[in-house]
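Good morning, and thank you for making time for this. I would like to walk you through one structure, going from a few side chains out to the whole chain, so please keep the view open as I speak.

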Amino acid sequence: MRIRIVDAFTDRPFAGNPAGVLLLDAFPDDDRLQRVALEVNHAETAFAHRLPAGGEADWALRWFTPATEVAMCGHATLATAHVLHTTGAHEGPVWFATRSGVLVATPREDGSVTLDFPTAPLTPVEAPAGVAEALGAEPHAVLDTGPNTGDLLVEVADEKTVRGLTPDLKALAAHSERGIIATARAQDPGAGYDYVSRCFFPGVGIDEDAVTGSAHTALAPFWSERLGRPDLTGLQASPRSGRVRTQLRGGRTLLTGHAVTVIDGELLA
């Protein structure tokens, strides 16, 4: 198997969120996929194979963390589309058949890729007992992000609070299916982004995700309502950092970013 490591939601290597990408003839058994994802040991490894012509999708796509398969992943989808386009394996928009339905990735003239994902259905909820202590900050608002992501979206006081979070990850894992998205309005709107976030997913084996495309399907409607604009830019303030341009289009959210291939090799085992 040929395997590539791609940094997504960044235009430079060693930033953004790295993902493994493997283009296959067909999916092997799930245990094999999970073992490869554990060996790659990035937040997600994407596995894709071409589908017969004439169907509703061009490629089948699945995503695995080192611990489990997930229903949706933005950065590994962006990474896969980047590999397909840069290697000539696919030209133009690509339709992926996934556990979250058909997702479309469209290449842009500037080299970026736009993903068309379902908008997360946000439901305000009471802050679970202990979540403030586990996160290390008092929630201003808490929302459930629905079945595709399975997160709690937690608004905190300000950008400084988001950047300074040092959560109790073991305790945090008890509060949602996948994890916690912590967010706040940008301190300086002139800095080139409208809101900041950090994502902690200990429930699926990821202490802190570097840049999470799927989380922005919840962040986009949350901040678009508060800021009164459908088109925004989010900064995920992880140590690697990355920016996601979001466009809210009703039931769909468009996520745009660049990607860079940093490793291209062969899986021998």
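How many aromatic pairs does a search of the whole structure find? The search gives three aromatic pairs, and I should say at once that this is a predicted model, so that everything I quote is computed from predicted coordinates.

Let me begin with tyrosine 195 and tryptophan 223, whose ring centres are 6.1 Å apart and whose planes meet at 15°, so this pair counts as stacked. Tyrosine 195 belongs to strand 13, residues 195–201, while tryptophan 223 belongs to helix 6, residues 216–227, and the pair therefore ties together parts of the chain that are 28 residues apart in sequence. Both tyrosine 195 and tryptophan 223 are buried.

Tryptophan 223 has another partner, phenylalanine 222, and here the arrangement is edge-to-face, with 5.0 Å from centre to centre and 90° between the planes. Phenylalanine 222 is buried, as tryptophan 223 is. Taken together, ring pairs join Tyr195, Phe222 and Trp223 into a cluster.

Which ring does the charged end of arginine 226 sit over? It is the ring of phenylalanine 222, with the charged end 3.6 Å from the ring centre, and this brings us back to a member of the cluster. There is also arginine 178, whose charged end sits over the ring of phenylalanine 201 at 4.1 Å from its centre.

Now let me turn to the cysteines. A disulfide is a covalent bond between the sulfur atoms of two cysteines. How many disulfides does the count come to in this model? The count is zero, and the distances show why: the sulfur of cysteine 73 has its closest cysteine sulfur in cysteine 199, 11 Å away, which is too far for a bond, given that the cut-off is 2.5 Å. Cysteine 199, for its part, is in no disulfide either, its nearest cysteine sulfur being that of cysteine 73. As for their surroundings, cysteine 73 is buried with a relative accessible area of 3%, and cysteine 199 is buried too, at 0% relative accessibility.

I would also like you to find threonine 114, which is in strand 8, residues 113–118. Is threonine 114 buried or exposed? Its relative accessible area is 5%, so it counts as buried. Leaving aside residues up to four places away in sequence, threonine 114 touches Val104, Ala105, Thr106 and Arg108, and also Leu254, Leu255 and Thr256. Valine 244 is 130 residues from threonine 114 in sequence, yet the two C-alpha atoms are 10.0 Å apart in space.

Finally, let us step back to the whole protein, which has six helices and 18 strands. Its C-alpha trace spans about 50 × 35 × 30 Å along the principal axes. For 269 residues, a compact globule would have a radius of gyration near 18 Å, and the protein has 18 Å, so the two agree. Buried residues make up 56% of the 269 residues, and the protein exposes about 11,400 Å², of which carbon and sulfur atoms supply 50%. Among contacts between residues at least 6 apart in sequence, 62% join residues at least 24 apart, and the pairing of tyrosine 195 with tryptophan 223, which are 28 residues apart, is one link across the sequence that we have already looked at.

Conventions. Residues numbered from 1 in each chain as written. Predicted model: local features only at pLDDT ≥ 70, side-chain atom pairs only at ≥ 80, totals over all residues. Heavy atoms only, no water. Phe/Tyr/Trp six-rings, centres within 6.5 Å; stacked < 30°, edge-to-face > 60°. Helix = DSSP H or I, 4+ residues; strand = E, 2+ residues; numbered from the N terminus. Buried < 20%, exposed > 50% of the residue type's maximum accessible area, 1.4 Å probe, protein only. Lys NZ or Arg CZ within 6 Å of the ring centre and 35° of its normal. Rg over C-alpha atoms; globule rule 2.2 N^0.38 Å. Contact = heavy atoms within 4.5 Å. Areas by Shrake-Rupley, 256 points an atom, 1.4 Å probe, with all protein chains shown as cover.
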